[in-house]
Amino acid sequence: MRYVLVLILGILLGGVAAAYLLGIGPARKTPGVAVKPPDNGQSPPATVEIGLEQSFVDAVLATTFQVGTPTFQLGQAAPNNGDGEIRTAAFQGGCANSITLLPEGSGVKTGVQFHNGNVTAPLAFTGSYSFTGQCIQFKGWAQTNIKLYFEEPKQTVYGNVTVEGVNLEGVNPIANTFVTVFVQSAINQRVNPLVLVNDKQLQLLIPVKASNGAVKAHAKDVRAEILEGSLKLHLTYEFSGVRGEGT
């Protein structure tokens, strides 16, 4: 038992030490408030529902990878900067110091999944990182969880991506902890906050030509119902009249 505890402690300290030595801070804070499930019973007045099917998300992702594979530079703390800020790692000896998301790899298909009240996203990736003078080529996949946030002043729904686990292939055990920390940093800090719905998509302006005005709809509350294979957003609006915008 003592050896098991020592092993676990070593793994934990290894991750903490790697984050400290590499200057990696916590993930960026997502604006707004966490989106809650809808209340039981009837929805409030002026509430509309928008459904998002799994097949739609799959089609968007497939098109995204056809345009190009998303690539993120791995963060590295600049020496003696004193502020703990993440800097972009420069090319070192031809090593890209980056992570590239793949549509599929390591037996995993990249995608967003709606199930059991959660939004998850397995991400397949490949990349390289300069460690102790050597360029480490790595590949694997990460399991992530996405939480929704709503910022009313900016009328925006965000997604906060949290890496829950990283599975690497063919990486030296000594470098495994450092590469894992950098992969987590690249995803947590380069992706967040993820804009899912912006103000142009959320706000409504309905012209009323007869009175030379318009009805403006401002979202006051957003709730999310996560079903098997689909996401349903419940949007509660507040309406106001605007003159001179009836054209």
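# Exercises on a predicted model

Lys216 sits in strand E15. The model is predicted. Each task below comes with a worked solution.

## Exercise 1: Lys216

Task: Find which residues Lys216 contacts beyond its sequence neighbours within four places, and decide how exposed Lys216 is.

Solution.
- Step 1. Start with accessibility. Lys216 has 34% relative accessibility, so Lys216 counts as partly exposed.
- Step 2. List the contacts. Outside that window of four places, Lys216 is in contact with Gln203, Leu204, Leu205, Glu238, Phe239, Ser240 and Val242.
- Step 3. Check one distance. Ile206 is 10 residues from Lys216 in sequence, and their C-alpha atoms are 6.4 Å apart.

## Exercise 2: The four-stranded sheet

Task: Work out the strand order of the open sheet of four strands, and say which strands stand at the edges.

Solution.
- Step 1. Read the order. The sheet runs E2-E16-E15-E14, and the pairing is antiparallel.
- Step 2. Find the edges. E2 and E14 each have a single partner strand, so one side of each has no neighbour in the sheet.
- Step 3. Add the turn. On average, neighbouring strands of this sheet are turned by 30 degrees against each other, direction ignored.
- Step 4. Look at one pair. E2 and E16 (residues 230-243) are joined in the antiparallel sense over seven bridges. Leu52 has Leu231 in E16 as its bridge partner.

## Exercise 3: Salt bridges

Task: State how many salt bridges the structure holds, then examine the pairs Lys232 with Glu49, Glu152 with Lys220, and Asp221 with Arg223.

Solution.
- Step 1. Count. There are five salt bridges in the structure.
- Step 2. Take Lys232 and Glu49. Their side chains meet at 3.8 Å, N to O. Lys232 is in strand E16 and Glu49 in strand E2, so this pair ties together parts 183 residues apart in sequence. Lys232 is partly exposed at 26% relative accessibility, and Glu49 is partly exposed at 48%.
- Step 3. Take Glu152 and Lys220. The closest N and O atoms of this salt bridge are 3.0 Å apart. Glu152 is in the loop between E11 and E12 and Lys220 is in strand E15, so distant parts of the chain are linked, 68 residues apart. Glu152 is partly exposed at 25%, as is Lys220 at 37%.
- Step 4. Take Asp221 and Arg223. Here the closest N and O atoms are 2.9 Å apart. Asp221 is partly exposed, with a relative accessible area of 27%. Arg223 is buried, at 19%.
- Step 5. Extend the last pair. Asp39, Asp221 and Arg223 are linked in a network of salt bridges.

## Exercise 4: A buried charge

Task: Decide whether Glu151 is with or without a salt bridge.

Solution.
- Step 1. Place the residue. Glu151 belongs to strand E11 (residues 134-151).
- Step 2. Check its surroundings. Glu151 is buried. Beyond neighbours within four places in sequence, Glu151 is in contact with Pro31, Gly32, Thr156 and Tyr158.
- Step 3. Apply the cut-off. A salt bridge needs the charged atoms within 4 Å. The nearest side chain of opposite charge, Lys154, is 4.8 Å away, and Glu151 has no salt bridge.

## Exercise 5: The nonpolar core

Task: Identify which members of the largest nonpolar core touch the most other members, and which element supplies the largest share.

Solution.
- Step 1. Name the members. The core has 43 residues, and Phe125, Phe138, Val179, Val183 and Leu233 touch the most others.
- Step 2. Name the sources. Among the elements that each supply at least two residues are helix H2 (54-67), strand E6 (98-102), E15 and E16.
- Step 3. Find the largest share. H3 gives seven residues.
- Step 4. Turn to Ile136 in strand E11. Ile136 is buried, with a relative accessible area of 13%. Its contacts beyond four places in sequence include Cys95, Ala175 and Val179.

## Exercise 6: Unusual backbone

Task: Say where Ala46, Asn212 and Pro193 are found, and what stands out in their backbone.

Solution.
- Step 1. Recall the background. Most residues other than glycine have a negative phi, and most peptide bonds are trans.
- Step 2. Check Ala46. Its phi is positive, about 60 degrees. Ala46 is in the loop between strands E1 (33-34) and E2 (47-53).
- Step 3. Check Asn212. Its phi is also positive, near 50 degrees. Asn212 is in the loop between strands E14 (204-208) and E15 (213-227).
- Step 4. Check Pro193. The peptide bond from Asn192 to Pro193 is cis, with omega near -10 degrees. Pro193 is in the loop between helix H3 (173-191) and strand E13 (194-197).

Methods:
Residues numbered from 1 in each chain as written. Predicted model: local features only at pLDDT ≥ 70, side-chain atom pairs only at ≥ 80, totals over all residues. Heavy atoms only, no water. Buried < 20%, exposed > 50% of the residue type's maximum accessible area, 1.4 Å probe, protein only. Lys, Arg positive; Asp, Glu negative; His and termini not counted. Contact = heavy atoms within 4.5 Å. Pairing = 2+ DSSP bridges. Axes fitted to C-alpha atoms, helices over the stretch in contact; angles between N-to-C directions. Core = buried A, V, L, I, M, F, W, Y, C linked by side-chain atoms within 4.5 Å.
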